[in-house]
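Q: Please take a close look at a single part of this protein and describe it in connected prose. The part of interest is the second largest pocket.

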Amino acid sequence: MSDRAVQDTVIRALADAPYRASPEWRGLALADPARLERFARFLARHFYHERLVHFFKYSRALARVTGRRPEAVLHSAGFDALLPTAVLGSRATARDVAALAVRHVHGASAPQAIPYLDDLLAYEEAMMLAEAGPRVWRDDAGERGAGSGERSPPERVEGTVLLHLAYDLPAVLPRLLEPWTEVPRAPRRDVKLLIARSPHGRVAVARADAAVASVVELADGRKTLPELAREAGLRSEDLEATLAGLADLGAVRFATGS
């Protein structure tokens with residue numbers, strides 16, 4: 001193995017617990033297993049501490065009312081139980097860690113002063129999930145290629161979330177991070193939020209109207225544009241504009257043709 005290959009293999013072992021336990025890794029004997037495991041667990045806690053502090057920052061701001069900081073789960077038995085299967089940066093592990101944080105904060109006897117707490121936790125969990133998973137590190141100019149130049153049917157990108165909320169969270173979120181003595185109130189109204197990530201990892205949030213929500217829910221990679229327009233109740237030009245905006249957000253893509 002080259003020095004670069006050794007380095008990449010050790011980094012993979014630190015980030016990927018199942019690989020760390022595999023005969024393939026153990027047979028290489030590149031590091032002391034106990035020391036590597038300690039350091040890998042330290043890295044996992046550091047990695048998810050940063051993400052919980054960032055994506056659950058609003059729940060964190062409410063900790064003086066709930067008495068629960070989301071990142072406290074990193075020192076719980078529940079998080080320890082995840083470590084043997086954890087793969088840093090994967091969507092599966094992000095889902096497990098976010099679920100731990102949601103249960104922890106929700107387990108507080110939250111006062112009626114935070115009626116939108118369920119919506120808030122669903123939003124923060126969706127943000128953390130959207131950020132996770134593989135991403136494009138370099139552009140591939142030929143990715144669209146389907147010889148004919150025609151686009152294939154649009155499909156919803158994995159990790160895209162359409163949230164149906166009972167409270168207008170965007171109206172209250174900035175105020176939660178400002179100084180306050182009474183818990184800021186959120187207007188009670190039905191709101192749809194679209195959370196998506198670009199191929200390069202930029203997470204974006206946008207309000208979704210009925211047309212956007214319908215297109216996101218119907219885009220399955222099989223329906224043609226006329227079929228999608230008909231089922232969504234949109235004119236073809238309106239569908240094209242909607243798809244262009246969703247593609248910019250990273251919520252839909254046009255699958256590569258064969």
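The answer below begins with the whole protein and then turns to the pocket and to one buried charged residue.

A: The model is predicted. The protein contains 13 helices and five strands, and its C-alpha trace spans about 65 × 60 × 25 Å along the principal axes. Of the 258 residues in the protein, 43% are buried.

The second largest pocket has a computed volume of about 210 Å³. Its lining consists of 13 residues, and those nearest the centre of the pocket are Arg20, Trp25, Arg26, Pro33 and Glu37. Two or more lining residues come from each of helix 2 (17-20), helix 3 (23-26) and helix 4 (33-55). Helix 4 contributes the most, with four residues. In composition, the lining of the second largest pocket comprises nine nonpolar and four charged residues, with no polar ones.

A separate point concerns Arg197, which belongs to strand 3 (residues 188-197). Arg197 is buried but forms no salt bridge. The nearest side chain of opposite charge is that of Glu131, 6.3 Å away; Arg197 and Glu131 are therefore not counted as a salt bridge, for which the cut-off is 4 Å. The side chain of Arg197 does have backbone oxygens beside it: a polar atom of this side chain lies 3.0 Å from the backbone oxygen of Ala132, and the backbone oxygen of Gly133 lies 3.2 Å from a polar atom of the Arg197 side chain.

Note on methods:
Residues numbered from 1 in each chain as written. Predicted model: local features only at pLDDT ≥ 70, side-chain atom pairs only at ≥ 80, totals over all residues. Heavy atoms only, no water. 1 Å grid on protein atoms, 1.4 Å probe; cavity = no way out; pocket = protein on both sides within 12 Å on 5 of 7 lines; lining within 4 Å. Points joined across faces, edges and corners; volume = space filled by probe spheres on them. Nonpolar A, V, L, I, M, F, W, Y, C, P; charged D, E, K, R; others polar. Buried < 20%, exposed > 50% of the residue type's maximum accessible area, 1.4 Å probe, protein only. Lys, Arg positive; Asp, Glu negative; His and termini not counted. Polar contact = N/O pair within 3.5 Å; in protein donor to acceptor, adjacent residues only side chain to side chain.
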